[in-house]
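Me: I'm new to this structure and would like a close look at a single part of it. Please start from one buried spot and work outwards, explaining the terms as you go.

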Amino acid sequence: MKQTIYLDNAATTPLDSEVAEKMLPFLTECYGNADSPHAVGRKAMVAVDRARDTVAECLGAKPSEIYFTSGGTEADNWAILGGARAKRAEGRTHVLISAIEHHAALYAAETLEKEGFEVEQIPVNSGGRVEMNAVKARLKPTTALVCVMRVNNETGVVQPVEEIARLAHSVGALFFTDCVQAAPHEKLDVKGLGADLLSISSHKLHGPKGCGALYIKSGVRIEKLVGGGEQERGMRGGTLNVPAIVGFAAALKKTAQEMDEARAHIEKLRAAFLLGIAALDGVKVNGEGEEKIPAVLSLQVSGVRNDTLLYRADLEGLCIAAGSACASASVKPSHVLLAMGRTDEEARQTVRISFGNQNTEEEVKKAAQIFVETVKSLRKN
Ligand SMILES: *Cc1c(COP(=O)(O)O)cnc(C)c1O
């Protein structure tokens with residue numbers, strides 16, 4: 001059987017086996033509802049409390065500032081909808097959001113627009129980076145919320161979130177940053193970043209799927225999104241997903257502990273892949289000249305359609321992405337690449353390779369070989 005090489009770690013990552021082991025008791029004997037005031041429930045709540053402490057510690061936050069969610073998508077929706085709606089009471093009805101956000105964030109902003117908010121997009125430069133002047137020029141005394149992600153999921157470009165937070169605060173707006181792609185690769189510090197609201201997701205850092213967290217800075221009031229139960233200090237209804245929360249915290253902790261080694265390893269993988277495809281002409285790295293995480297490599301391959309390349313690479317056992325996972329089922333070219341000034345055609349020639357800690361150099365060398373051969377054969381036709 002052909003070996004599968006998985007280079008789509010920005011879409012999701014494999015569950016770490018140590019993390020899975022830590023989850024196991026909470027899938028079996030420790031089945032309690034964390035809100036039940038009896039022994040079985042209390043046992044589950046102790047585990048959730050520990051997990052909350054761990055997540056808080058990894059972010060430089062207080063445990064009371066961490067709210068567990070069903071993932072990055074829910075955390076993004078909650079931050080944007082809840083933050084803006086709460087600010088409306090102060091007469092603030094203007095929202096700024098970068099043009100390169102994840103669909104979860106863009107969707108929430110569209111919802112706000114339907115509710116009467118004025119939503120403005122912040123453009124990016126050709127490297128995919130939000131520029132300070134673009135933010136400054138759009139801020140208003142009525143701005144409720146500014147939303148800029150830390151690391152873009154299609155290009156890996158790191159955004160100057162600290163300065164943007166300062167600008168947002170200078171007009172009294174809330175600042176939200178989606179750190180779902182940053183958390184696997186960068187030590188996060190909520191205070192250093194200047195975030196009022198910050199989202200992370202478990203499955204992007206070798207934790208289980210369907211779990212994430214929203215950081216809400218103490219003193220910041222936002223409206224709830226999911227109601228109906230008094231869980232999470234009355235702010236997020238729903239029985240807690242105890243096994244996932246335990247796994248998420250364990251994965252985040254392991255990520256923090258192994259970050260430097262992982263980064264060095266991933267840098268090596270990236271270099272090996274780039275070396276392996278060096279002989280291929282007509283390939284451009286997106287985000288050139290900008291600060292990027294090494295794990296995400298966005299390549300524009302001239303003369304080849306990304307959907308065809310993805311399909312053909314898959315037949316050879318190589319898993320990569322065209323744009324992002326969420327957009328790849330649609331026929332629309334990536335909004336991120338269009339915002340960077342690429343044409344529809346250029347956007348459709350772009351693939352994303354994303355490396356993970358579990359990938360080996362040998363795998364990546366083989367992947368580069370497959371990539372080169374596939375592109376060459378597609379260009380012949
Ligand atoms: C994956 C991702 C999300 C969504 O997180 P889920 O846990 O999959 O819902 C949000 N933002 C970014 C930047 C992502 O990469």
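Reply: Helices are DSSP runs of H or I with at least four residues, strands are runs of E with at least two, and both are numbered from the N terminus. Ala244 sits in helix 9, and that is our starting point. This is a predicted model, where local features need pLDDT of at least 70 and side-chain atom pairs count only at pLDDT 80 or more, while totals for chains, interfaces and linings use all residues. Residues are numbered from 1 along each chain as its sequence is written, and side-chain values use heavy atoms, with hydrogens and water left out.

Ala244 has 3% relative accessibility, so it counts as buried (under 20% relative accessible area; exposed is over 50% and partly exposed is in between, with a 1.4 Å probe and protein chains only). Setting aside residues up to four places away in sequence, Ala244 touches Met23, Pro208 and Cys211, where contact means heavy atoms within 4.5 Å. For a sense of distance, Leu197 is 47 residues from Ala244 in sequence, and their C-alpha atoms are 22 Å apart in space.

Let's follow the contact with Met23. Helix 1 runs over residues 17–27, and its buried residues are Val19, Met23 and Phe26. Looking down the axis of helix 1, these buried residues fall within an arc of 40 degrees, so they line one face; the arc is that of the directions from the helix axis to the C-beta atoms. The face turned away from the buried side of helix 1 carries the exposed residues Ser17 and Glu21. Among what covers the buried residues of helix 1 are helix 2 (39–59) and our helix 9.

The N-terminal end of helix 1 has a cap too: a side-chain oxygen of Asp16 lies 2.9 Å from the backbone nitrogen of Glu18.

Back to helix 9 and the wider picture. The largest nonpolar core (buried Ala, Val, Leu, Ile, Met, Phe, Trp, Tyr and Cys residues joined through side-chain atoms within 4.5 Å) has 96 residues, and Leu7, Val146, Ile200, Phe273, Leu299, Ile353 and Phe371 touch the most other members. Helix 9, residues 242–257, supplies the largest share of this core, with 9 residues. There is also a second, separate core of 27 residues, including Ala105, Phe176, Leu214 and Ile216. In soluble globular proteins, nonpolar side chains tend to be buried together.

Technical notes. A polar contact is a pair of N or O atoms within 3.5 Å; within protein, one must be able to donate a hydrogen and the other to accept it, and residues adjacent in sequence count only if both atoms are side-chain atoms.
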